Amino acid sequence: MISRLLVANRGEIARRVFATCRALGVATVAVHSDADSDAPFVADADQAVRLPGNTPAETYLRVDAILEAARRSGADAVHPGYGFLAENAEFAAAVADAGLTWVGPSAKAIAAMGDKMAAKALLADAGVPMLPTWTDPAEVTGFPVLVKAAAGGGGRGMRVVRDAAGLAEAVAGARREAAAAFGDGTVFIERYVERGRHVEVQIFGDSHGTVVALGVRDCSIQRRHQKIVEEAPGVLPDEVRATLHEAAVAAGRAVDYVGAGTVEFLLTPDGQVHFLEMNTRLQVEHPVTEATTGLDLVRLQLLVAEGQPLPVTSTPPADGHAIEVRLCAEDPARGFRPATGTLHRFAIPGVTAEFAPAQGLRLDSGVADGSTVSVHYDSMLAKLVAWAPTRAEAARALAGALARAELHGVATNRDLLVRVLRSAEFVAADVDTGFLERHPEVFAPLLPAGQLPVVALAAALSGAAARRAAAPVLAGLPSGWRNVPAFPQVTRFTVGDSEEIEVRYRLDRTGGLAEWSVSRSDATPTVAVVDAAADRVVLDVDGVRRAFRVHRAGSSVFVDGPDGAASLTELPRLPLPTAELAAGSLLAPLPGAVTRVHVEVGQRVAAGDLLLTLEAMKLEHPVLAPADGVVTELPVPAGGQVETGAVLAVVDPEEDPQ
């Protein structure tokens with residue numbers, strides 16, 4: 001039996017595995033990079049071993065370092081989690097060769113399904129329908145097509161190409177991204193299906209010949225080909241569900257599959273099933289299967305790895321409905337690029353369980369208050385899962401919990417997730433992989449722009465209350481109150497990158513709001529102060545009482561209200577002078593590395609031309625010319641590291657030829 005397990009991964013999946021280990025009495029070992037030394041998953045483990053460095057190649061992708069960590073810690077088993085080396089056959093073989101128990105399928109099965117082209121051929125021979133697929137770009141016939149990484153998943157190394165002109169660059173970019181994420185830059189190309197549904201079957205096998213399907217998940221809501229909303233059971237006709245179960249079990253039997261795996265399919269609008277790939281690991285979305293079956297899939301992984309038979313031999317009936325969202329550090333104002341920084345507060349109300357199968361609201365989080373979100377790893381912060389007797393109830397509960405969450409310090413995709421869950425199309429199960437492209441309205445922030453003045457007033461009043469509470473004398477007097485009213489109090493904030501908002505207000509001697517106004521607002525509602533404290537402000541707005549929770553971290557002010565949240569930065573009353581940037585300066589949207597520079601100083605460029613490529617959080621971010629002009633500065637060479645706000649290039653507008 002396994003006595004001490006090392007998890008060769010990080011973040012929420014490491015914490016998830018550790019939770020089941022604690023319940024089973026199995027000791028745990030974490031491995032961590034320098035950037036992760038203070039991460040919650042490290043604290044959760046009984047022991048931890050440092051992997052010197054920060055990048056995946058230096059740390060979590062080093063087979064030799066992980067095996068040495070197992071030796072030093074006395075671990076007798078290794079769980080790969082997902083991502084990194086989870087689907088690396090050489091790693092699985094090396095673990096077994098070291099005399100350790102490998103918690104996963106055999107190296108042979110991983111290799112068979114890891115070679116996605118060989119897997120397609122194997123299952124095509126078994127009669128499973130396939131999409132047209134190519135390995136040589138020159139042989140592609142017809143568009144659109146999808147360029148995919150042969151190793152790993154999660155949307156890494158994936159590009160949609162709609163014409164032949166963009167194919168070469170898409171293939172090159174996908175290769176680079178796949179190599180950075182998985183250590184393998186191999187890609188292939190397959191036909192892209194418009195309005196297809198991405199569905200998948202959770203399978204489990206043991207060493208006694210049992211392979212069982214544990215239900216179908218729908219993972220169609222995707223952005224950048226990465227799943228953001230997943231649910232179980234998928235809303236499907238019974239005959240399609242039976243076909244998927246049968247095909248998935250056949251795929252598992254074809255490679256003598258042992259352990260947890262997922263067989264992924266594309267369902268066309270006319271109901272045809274096409275095999276996509278098999279992921280030989282636990283999936284990010286496994287909690288929705290756990291919620292609807294009551295099974296702990298990590299427990300089953302450990303039992304099977306120990307040679308025990310599966311306790312289930314047929315597909316269990318689904319109990320209720322579960323929906324999961326991936327909460328990611330992404331900035332909506334910057335096109336949902338990965339965001340970094342310090343997470344000052346991470347609080348989600350109503351959570352009934354963490355890292356374990358449960359009915360109600362489950363949270364699997366890799367972060368906590370004070371966590372640093374770095375540029376080195378994936379942007380996912382946590383998974384939030386809601387179970388309810390019906391799909392509509394699960395969606396409503398999940399949206400409500402997300403909307404009330406306090407997520408301070410790092411921009412997230414929370415508002416997008418709430419709007420998706422509340423959309424009429426999602427509630428009606430009218431979903432497919434093009435859902436977000438067809439519904440741009442879900443990208444709007446939850447907080448209406450017209451409510452920003454009241455939010456800014458609440459922020460200003462909380463600041464005044466905090467200063468009065470800290471005052472050494474006359475703390476009971478309202479802030480700024482005078483016997484003879486003359487000038488109002490003035491507080492200035494910035495919202496986003498540049499928008500500035502100025503709040504002017506005057507309190508009477510009782511602390512009531514005598515007058516107020518906000519810049520950039522033609523009209524303000526009638527507001528009365530019900531209560532104003534440093535952390536909570538209650539206002540009567542046009543006869544409706546509204547409570548705002550306020551949290552300050554330095555000059556940052558985070559306000560959570562009944563209709564949405566806002567992040568403001570309070571400006572100093574006497575700001576210091578700062579240097580002006582040259583006109584046409586292009587700034588780094590987040591920390592990262594400049595991987596390629598495509599232009600030279602003095603070169604004329606047109607609006608939209610690619611200037612350079614920035615890599616961060618395993619993704620490539622193109623930096624484009626904002627207008628026609630001449631490149632006058634390229635201060636960062638290829639390979640250079642930059643922080644947020646660093647000047648990447650300067651493009652001066654072309655002079656008028658006349």
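Student: To begin with a single residue, is Phe-265 buried or exposed, and how is that decided?

Tutor: The model is a predicted one. A residue counts as buried when its relative accessible area is under 20%. The relative accessibility of Phe-265 is 1%, and Phe-265 therefore counts as buried. Phe-275 also has a relative accessibility of 1%, so Phe-275 is classed as buried.

Student: How is a pair of aromatic rings to be read, and how many such pairs does the structure hold?

Tutor: Two quantities describe a pair of aromatic rings, namely the distance of the centres and the angle of the planes. The structure holds five aromatic pairs. In one of them, the ring centres of Phe-91 and Trp-102 are 5.4 Å apart and the planes stand at 85°, so the pair is edge-to-face. Because Phe-91 belongs to helix H4 (residues 89-97) and Trp-102 to strand S5 (residues 101-102), the pair ties together parts 11 residues apart in sequence. Both Phe-91 and Trp-102 are buried.

Student: Which arrangement do Phe-265 and Phe-275 adopt?

Tutor: Phe-265 and Phe-275 form an edge-to-face aromatic pair, with 6.2 Å from centre to centre and 80° between the planes. Phe-265 lies in strand S13 (residues 259-267) and Phe-275 in strand S14 (residues 273-279), so that the pair links parts of the chain 10 residues apart. Ring pairs may also join into a group: Tyr-60, Phe-84 and Tyr-377 are linked by them into a cluster.

Student: Which residue lies over the face of Phe-426?

Tutor: Here the partner of the ring is not another ring. Arg-391 lies over the face of Phe-426, at 4.4 Å from the ring centre.

Student: How should one read the strand order of an open sheet, and which strands form the edges of the sheet that contains S6?

Tutor: The order lists the strands as they lie side by side. In this sheet, four strands follow the order S6-S9-S7-S8, with antiparallel pairing. The edges are strand S6 (133-134) and strand S8 (159-161), each of which pairs on one side only. Two bridges join S6 to strand S9 (residues 187-191), and these two strands run antiparallel. Trp-134 has Ile-189 in S9 as its bridge partner.

Student: Which helices accompany these strands?

Tutor: Helix H6 (residues 116-125) lies across S6, strand S7 (145-149) and S9, and runs at about 45° to S9. Helix H7 (residues 167-182) packs on the sheet and touches S7, S8 and S9, with its direction at about 25° to that of S7.

Student: How do helix H5 and H6 cross?

Tutor: The axes of the two helices supply both a separation and an angle. Those of helix H5 (residues 107-114) and H6 come within 5 Å and cross at roughly 90°. H5 is therefore roughly perpendicular to H6. Ala-112, Met-113 and Gly-114 in H5 meet Lys-116, Ala-118, Ala-119, Leu-122 and Leu-123 in H6.

Student: Which backbone features deserve a check, and where are the cis peptide bonds?

Tutor: Most residues other than glycine have a negative phi, and most peptide bonds are trans. A cis peptide bond joins Phe-143 and Pro-144, with omega about 5°. Pro-144 is placed in the loop between S6 and S7. Ala-232 and Pro-233 are also joined by a cis peptide bond, with omega about -5°. Pro-233 is in the loop between strand S12 (226-232) and helix H8 (238-254).

Student: What is the phi of Arg-195, and what is that of Arg-224?

Tutor: Arg-195 is a residue other than glycine with a positive phi, near 60°. Its loop runs between S9 and strand S10 (197-205). With a relative accessible area of 43%, Arg-195 is partly exposed. Arg-224, likewise not a glycine, has a positive phi of about 55°. Arg-224 lies in the loop between strand S11 (211-223) and S12, and its relative accessible area of 36% makes it partly exposed.

Student: How many strands form the open sheet that runs from S27 to S28, and what is its twist?

Tutor: Eight strands form this open sheet, in the order S27-S26-S25-S32-S31-S30-S29-S28, with antiparallel pairing. Strand S27 (513-518) and strand S28 (527-532) are the edge strands, each pairing on one side only. The twist averages 30° from one strand to the next. Within the sheet, strand S29 (residues 536-541) and strand S30 (residues 544-553) pair in the antiparallel sense over six bridges. Val-537 has Phe-548 in S30 as its bridge partner.

Notes
Residues numbered from 1 in each chain as written. Predicted model: local features only at pLDDT ≥ 70, side-chain atom pairs only at ≥ 80, totals over all residues. Heavy atoms only, no water. Pairing = 2+ DSSP bridges. Contact = heavy atoms within 4.5 Å. Axes fitted to C-alpha atoms, helices over the stretch in contact; angles between N-to-C directions. Phe/Tyr/Trp six-rings, centres within 6.5 Å; stacked < 30°, edge-to-face > 60°. Buried < 20%, exposed > 50% of the residue type's maximum accessible area, 1.4 Å probe, protein only. Lys NZ or Arg CZ within 6 Å of the ring centre and 35° of its normal. Parallel < 35°, antiparallel > 145°, perpendicular 65-115°, else oblique.
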